[in-house]
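Biologist: Could you take me slowly through one corner of this fold, where a few helices meet? I'm new to this, so please explain the terms as you go.

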Amino acid sequence: MIQSVAFLGLGAMGYRMAAHLPKHFDTVYVWNRTATKAEQHATEYGTQAASLEQAIQADIIFSCLPTSADVEALVQGLELKAGSIWVDCTSGVPDAARRLEETLADQGVIFLDAPVSGQTIGAENGTLTVMIGGSAAGFEQALPAIQAFGKLIKHVGESGAGFAVKAVNNMLMAVNLCAVAEGFMTLKAHGVSLNEALECINASSGKSNVTETVMPQRIMNRSFPLTFALPLLAKDTGIAVDLVRDAKLSAPLLSLTQNLIQAANLQAEENSDFSAAIKMYESWSKITIE
Ligand code: NDP
């Protein structure tokens with residue numbers, strides 16, 4: 001029986017994910033590096049803003065920080081409660097998951113890598129996809145808490161498998177984002193109306209999440225709302241190419257995409273959404289995709 005849960009990291013995703021927990025559990029601790037966000041969360045959703053030491057006494061501890069390095073630094077030196085489960089929803093590095101699984105096991109704590117997909121709207125609606133690596137028994141125990149914000153929740157393998165699936169997923173999205181930028185740039189150069197072209201493609205075999213949602217909601221209307229930061233996508237594509245390299249495989253399309261996203265990130269303005277990666281193509285071609 002889960003008596004208490006905690007959520008560490010109330011960023012764009014964590015703030016919304018943690019909001020679902022009080023509907024299912026009486027004791028929900030929230031902790032954030034900038035404490036005022038946790039206090040605001042408590043006021044808004046009836047959670048309890050806690051110190052890190054207090055929060056980690058929960059039965060299930062969720063974390064959602066930018067990188068695995070941030071999670072590893074946070075875990076360092078913490079005295080955890082034996083029998084608890086740490087569910088890390090960061091989009092992280094598989095090797096780090098295995099290190100954390102081992103480190104936490106010394107304290108009798110199970111570590112699960114449990115990255116999520118579905119963007120901030122999925123976090124808000126509690127409809128995230130959650131891909132989980134680690135102990136199957138730990139997965140079963142933590143499942144009722146994960147269900148608070150997840151819709152499709154899958155145990156995908158041993159420690160690190162969840163992070164691997166997430167990195168490949170985001171790489172696939174990035175490949176498509178680059179391809180869509182190149183395709184629409186070409187159409188515009190040939191005098192085609194992009195709104196009509198988008199409608200046709202969204203009723204044809206070339207459609208994708210990028211054409212169906214990212215293009216109309218972020219790019220074509222020039223809003224580029226910051227919900228998933230471009231540096232985070234660059235991190236994810238980096239994790240994916242590291243996995244390719246570790247397996248001694250050749251994946252030229254993924255390597256090229258990583259280079260493109262990295263370059264777009266380097267030349268982007270601060271606080272750019274991932275969709276703003278297409279601005280790199282626009283600066284090369286002097287064509288605006290609108
Ligand atoms: P944000 O940048 O919005 O939030 C990051 C959170 O982590 C903040 O609460 C921040 O605290 C905290 N934080 C940052 N650095 C540290 C640190 N060194 N120690 C402790 N806390 C820290 O990120 P997101 O919520 O967008 O992303 C979180 C994770 O989820 C990432 O791995 C991302 O790739 C992934 N993700 C994001 C999606 C999205 O649409 N945004 C979708 C799916 C996955 P503070 O408030 O003090 O800055």
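Modeller: Helices α8 and α13 pack with their axes 9 Å apart, at an angle of about 30°. That makes α8 roughly parallel to α13 (angles under 35 degrees count as such). Axes here are lines fitted to C-alpha atoms over the stretch in contact, and angles run from 0 to 180 degrees between N-to-C directions. Helices are DSSP runs of H or I with at least four residues, numbered from the N terminus.

This is a predicted model, in which local features need pLDDT of at least 70 and side-chain atom pairs count only at pLDDT 80 or more, while totals for chains, interfaces and linings use all residues. Residues are numbered from 1 along each chain as its sequence is written, and side-chain values use heavy atoms, leaving out hydrogens and water.

Back to our pair: L177, C178, A181, E182 and M185 of α8 make the contact with I278, Y281 and S285 of α13 (contact means heavy atoms within 4.5 Å).

Both helices also help cover α12: its buried residues lie under α8, α11 and α13, among others. Those buried residues are T257, Q258, L260, I261, A264 and N265 (buried means under 20% relative accessible area, exposed over 50%, with a 1.4 Å probe and protein chains only). Seen down the axis of α12, they fall within an arc of 165°, so they line one face of the helix. P252, N259 and L266 are exposed on the other side of α12.

Finally, look at T257 in α12. T257 has a relative accessible area of 3%, so it counts as buried, and it touches M171, A174, V175 and C178, leaving aside residues up to four places away in sequence.

Definitions and conventions: Helices (H or I, at least four residues) and strands (E, at least two) are DSSP runs, numbered from the N terminus. The arc is that of the directions from the helix axis to the C-beta atoms. Angles under 35 degrees count as roughly parallel, over 145 as roughly antiparallel, 65 to 115 as roughly perpendicular and the rest as oblique.
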